[in-house]
Amino acid sequence: MPKTISQGFDTLHTRLTPNTTESTAVKSHRASIKSCLESNFGMTNFFRTGSNGNGTSIRGYSDTDYFASIPTKNLKKNSATTLREIKEVLQKRFPTTGVYVDSPAVVCPFGNQNAETTEIVPADFIRLHNGNNIYDIPDGNSGWIKAGPKSHNQYVSEVNKNLYFKVKPLIRFIKAWKYYCNVPISSFYLEMKIVQYAKDERYIEYSIDIMKIMASLYDNNLPAIIDPTGISGYIYPCSSDAKKRDALSKLATAKRRSANARTSEYNEKIEDAFYWWNLFFNEKYPSYY
């Protein structure tokens, strides 16, 4: 069992990292989805994105996201119509799966856990940006918004490398809080917000930086941020005002608990720090030795 907070976070990160069994289970459906979309929509490219694509996914919680690059002629001006049409053909292919739309994606829940779920985002290739493909994807309001998944991944990886590969684990810890405490904040928003914060830091110490990020998110009322890559415009934290109110309420608790944990650690009350981090992560932080 861990004896220090640093060891506690190292142990937690090992637990959060997905295992190969989950990856194999998800991949088993990929060929069927790909074939279905190629025959019905002339799909030309099908590639993994999101947290599973850049090393910030959470074991048992993060689903697998794919971009489905479809020719413009086979898409509708109303992105909601395109999502509905894709849902209908996938529903025929997987009649017992309960396929549904959750913009910007069509969701195929192949099991009881999020890790067994596949999300397919229809994507219309627009142009190149610094050598990377830029796509239009559904914006949640029947229109389309630009996205550049490879550009975003490169941005995260660059900041992660500059800070001795401690940024991606930091993202994982805060995403784990989101999932463990059922906080309705966009994972993409959290990832971009954390990297935006980290790029100006000289080093990362998880207990300090989690506390500072929680305080910043709450004190600034979960602000929308401008995409740091200059591709997607504004990135919003929540899909509705009700979800934002819920998220802010949970952030208030997280801010207090992370501050108590850090104060306990600073005062060398390590067992108390473990207690507060365990509350922060909803009873899923490693036990004190």
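**Entry 1: Tyr236 and its surroundings**

I started with Tyr236, which lies in the loop between strand S9 (234–235) and helix H10 (241–266). I note that the model I am reading is predicted. Is Tyr236 buried or exposed? I found a relative accessible area of 53% for Tyr236, and the cut-off for exposed is over 50%, so Tyr236 is exposed. I then looked up Tyr234 and found it partly exposed, at 48%. Together with Ile226, these two tyrosines make a nonpolar surface patch of about 370 Å².

**Entry 2: Aromatic pairs**

How many aromatic pairs does the structure hold? I read off 23. One of them is Phe47 with Tyr135, a tilted pair with 5.8 Å from centre to centre and 40° between the planes. This pair links distant parts of the chain: Phe47 is in strand S1 (residues 45–49) and Tyr135 in strand S6 (residues 132–138), 88 residues apart. Tyr135 has a relative accessibility of 3%, so I wrote it down as buried.

I also checked the rings of Tyr234 and Tyr236: their centres are 6.3 Å apart and their planes stand at 35°, so I noted this pair as tilted.

Ring pairs also build a cluster, and I listed its members as Phe9, Phe173, Trp177, Tyr206, Phe274, Trp277, Phe280, Phe281, Tyr285 and Tyr288. Over the ring of Tyr206 sits the charged end of Lys166, 4.8 Å from the ring centre. I found a similar entry for Lys284, whose charged end sits over the ring of Tyr180 at 5.0 Å from the centre.

**Entry 3: Strand S6**

Tyr135 led me to strand S6. Why is S6 described as largely enclosed by the rest of the structure? I found that six of its seven residues are buried, so the description follows.

Next I looked for the partners of S6. Strand S5 (residues 117–129) runs antiparallel to S6, and five bridges join the two. Among the bridge partners I noted Arg127 with Ile134 in S6. S5 and S6 form a hairpin with two residues between the strands, and in this hairpin Asn130 takes a positive phi near 55°.

Strand S7 (residues 144–147) also pairs with S6 in the antiparallel sense, over four bridges. Here Ile137 has Ile145 in S7 as its bridge partner. The hairpin of S6 and S7 has five residues between the strands, and Gly140 in the turn has a positive phi of about 90°.

**Entry 4: Salt bridges**

Side chains of opposite charge can pair when their charged atoms come close. I counted eleven salt bridges in the structure.

In one of them, Glu38 and Lys34 meet at 2.6 Å, N to O. Both lie in helix H3 (residues 30–41), four residues apart, which is about one turn of the helix. I noted Glu38 as partly exposed at 33%, and Lys34 as partly exposed at 30%.

Lys199 and Asp200 meet at 3.5 Å, N to O. Lys199 is partly exposed at 44%, whereas Asp200 is exposed at 58%.

Which parts of the chain does the salt bridge of Arg262 and Glu205 tie together? The side chains meet at 3.6 Å, N to O. Arg262 lies in helix H10 and Glu205 in the loop between helix H8 (187–198) and helix H9 (206–219), so the pair ties together parts 57 residues apart in sequence. I found Arg262 buried at 16% and Glu205 partly exposed at 30%. I closed the entry with a network of salt bridges that links Glu205, Arg262 and Glu265.

Key:
Residues are numbered from 1 along each chain as its sequence is written. This is a predicted model: local features need pLDDT of at least 70, side-chain atom pairs count only at pLDDT 80 or more; totals for chains, interfaces and linings use all residues. Side-chain values use heavy atoms; hydrogens and water are left out. Patches are made of residues with over 30% relative accessible area and no salt bridge: like charges are joined within 9 Å, nonpolar side chains (Val, Leu, Ile, Met, Phe, Trp, Tyr) within 5 Å. Accessible areas come from the Shrake-Rupley method with a 1.4 Å probe; for residues, only the protein chains shown count as cover. A salt bridge is a side-chain nitrogen of Lys or Arg within 4 Å of a carboxyl oxygen of Asp or Glu. Buried means under 20% relative accessible area, exposed over 50%, partly exposed in between (1.4 Å probe, protein chains only). Rings of Phe, Tyr and Trp (its six-membered ring) pair if their centres lie within 6.5 Å; planes under 30 degrees apart count as stacked, over 60 as edge-to-face and the rest as tilted. A charge sits over a ring if NZ of Lys or CZ of Arg is within 6 Å of the ring centre and within 35 degrees of the ring normal. Two strands pair if DSSP finds at least two bridges between them.
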